[in-house]
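Please open the model in a viewer and keep the selection panel at hand. The tour proceeds by selections, and each stop states what is to be found there.

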2 protein chains.
Amino acid sequence: MVKRLTDEDRHAALRELPGWSAAEGREAIARTFVFKDFNEAFGFMARVALIAEKHDHHPEWRNVYKTVEVVLTTHDAGGVTARDIDLARAMNAIAAQLSPR
Amino acid sequence: MVKRLTDEDRHAALRELPGWSAAEGREAIARTFVFKDFNEAFGFMARVALIAEKHDHHPEWRNVYKTVEVVLTTHDAGGVTARDIDLARAMNAIAAQLSPR
């Protein structure tokens, strides 16, 4: 089983993840992505969904038109793990190819 | 502009929409769909996204693994309109073709 990151490791990982921060009130990381429109926001979600499914590690996310709010945590581990950091990094890479602002 | 439904019309429409109810604390309608797994949940979202985009009327929704929580309202009209009812009906039809429970 993948191990929960220590507070120190989580903070270090967040420093390398532009846009992400500690989620409020729970051990998780969060980012809000804002795209140009719904087409772009859902295109982002579709690409992320394929990656999430491939790695069997899924986001909690909320979409309202051009906005996608994401929370990542690893339920089995009771906190943030390397799997969350990997998925966050992949999301940033996909968003960077579109036009987040 | 599409007109906001009266309370009476909204209640009447909800009676014809299995699974949907008035959203708490705002003039909107809501339903939580629970699918078999993420594949099915996101498949549902992808089909709904195409319909939403086609009609330029988009849901507020939150996905956590196999669950999709939806809220529909028409911001321009300040409440629930026929566009929300139509989208809710389309969502039920798509979900019925998958395996909601």
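**First stop: a histidine in a loop**

Begin with H57(A), which lies in the loop between helix 2 and strand 3 (60-64) of chain A. The model is a predicted one. Is H57(A) buried or exposed? Its relative accessibility is 8%, so H57(A) counts as buried, the limit being under 20%. Next, display the surroundings of H57(A): leaving out residues up to four places away in sequence, H57(A) touches A52(A), T73(A), T74(A), R83(A), D84(A) and L87(A).

Now select D56(A), which is placed in the loop between helix 2 and strand 3 of chain A. D56(A) is not a glycine, yet its phi is positive, at about 50°. With 51% relative accessibility, D56(A) counts as exposed, whereas H57(A) is buried.

**Second stop: another positive phi**

Move to Y65(A), in the loop between strand 3 and strand 4 (67-72) of chain A. Here, too, phi is positive in a residue other than glycine, with a value near 50°. The relative accessible area of Y65(A) is 37%, and the residue is therefore partly exposed.

**Third stop: chain A as a whole**

Zoom out and colour chain A by secondary structure. Three helices and four strands are present in chain A. In which order do the elements of chain A run from the N terminus on? The order is α-β-β-α-β-β-α. The radius of gyration of chain A is 13 Å, close to the 13 Å that the globule rule gives for 101 residues, so chain A is as compact as a globular protein of that length.

For orientation, align the view with the principal axes: the C-alpha trace of chain A spans about 35 × 25 × 20 Å along them. Of the 101 residues of chain A, 47% count as buried. If a contact map is available, restrict it to contacts in chain A between residues at least 6 apart in sequence; 65% of these join residues at least 24 apart.

A surface representation is useful next. Chain A has an accessible surface of about 5,300 Å², and carbon and sulfur atoms account for 50% of that area. Select then the charged groups of chain A, 14 positive and 15 negative; the mean positions of the two sets are 5 Å apart.

**Fourth stop: aromatic rings**

Show the aromatic side chains of both chains. A pair of aromatic rings is described by the distance of the centres and the angle of the planes. How many aromatic pairs are there over all chains? The count comes to 13.

One of these is the pair of F35(A) and F44(A), which is tilted, with 4.9 Å from centre to centre and 40° between the planes. F35(A) counts as buried at 0% relative accessibility, and F44(A) is buried with a relative accessible area of 0%.

Continue to F38(A) and F42(A), whose ring centres are 5.8 Å apart and whose planes meet at 25°; the pair is therefore stacked, as angles under 30 degrees count as such. Both residues lie in helix 2 (residues 38-54) of chain A, four residues apart, about one turn of the helix. F38(A) is buried, with a relative accessible area of 2%, and F42(A) is buried, with 10%.

Extend the selection across the two chains: F38(A), F42(A), W61(A), F38(B), F42(B) and W61(B) form one aromatic cluster.

**Fifth stop: two acidic residues of chain B**

In chain B, select D37(B), placed in the loop between strand 2 (29-34) and helix 2 (38-54). D37(B) counts as partly exposed at 21% relative accessibility. Apart from residues up to four places away in sequence, D37(B) touches Y65(B) and K66(B). A distance label from D37(B) to D84(B) should read 26 Å, C-alpha to C-alpha, for a separation of 47 residues in sequence.

Finish at E27(B), found in the loop between strand 1 (21-22) and strand 2 of chain B. What is the exposure class of E27(B)? E27(B) is partly exposed, with a relative accessible area of 25%. Setting aside neighbours within four places in sequence, E27(B) is in contact with R4(B), L5(B), R10(B), T73(B), G78(B), G79(B) and V80(B). A last distance label joins the C-alpha atoms of E27(B) and R62(B), which are 35 residues apart along the chain and separated by 18 Å.

Methods:
Residues numbered from 1 in each chain as written. Chains lettered and ligands numbered in written order. Predicted model: local features only at pLDDT ≥ 70, side-chain atom pairs only at ≥ 80, totals over all residues. Heavy atoms only, no water. Rg over C-alpha atoms; globule rule 2.2 N^0.38 Å. Buried < 20%, exposed > 50% of the residue type's maximum accessible area, 1.4 Å probe, protein only. Contact = heavy atoms within 4.5 Å. Areas by Shrake-Rupley, 256 points an atom, 1.4 Å probe, with all protein chains shown as cover. Lys, Arg positive; Asp, Glu negative; His and termini not counted. Charge placed at Lys NZ, Arg CZ, Asp CG, Glu CD. Phe/Tyr/Trp six-rings, centres within 6.5 Å; stacked < 30°, edge-to-face > 60°.
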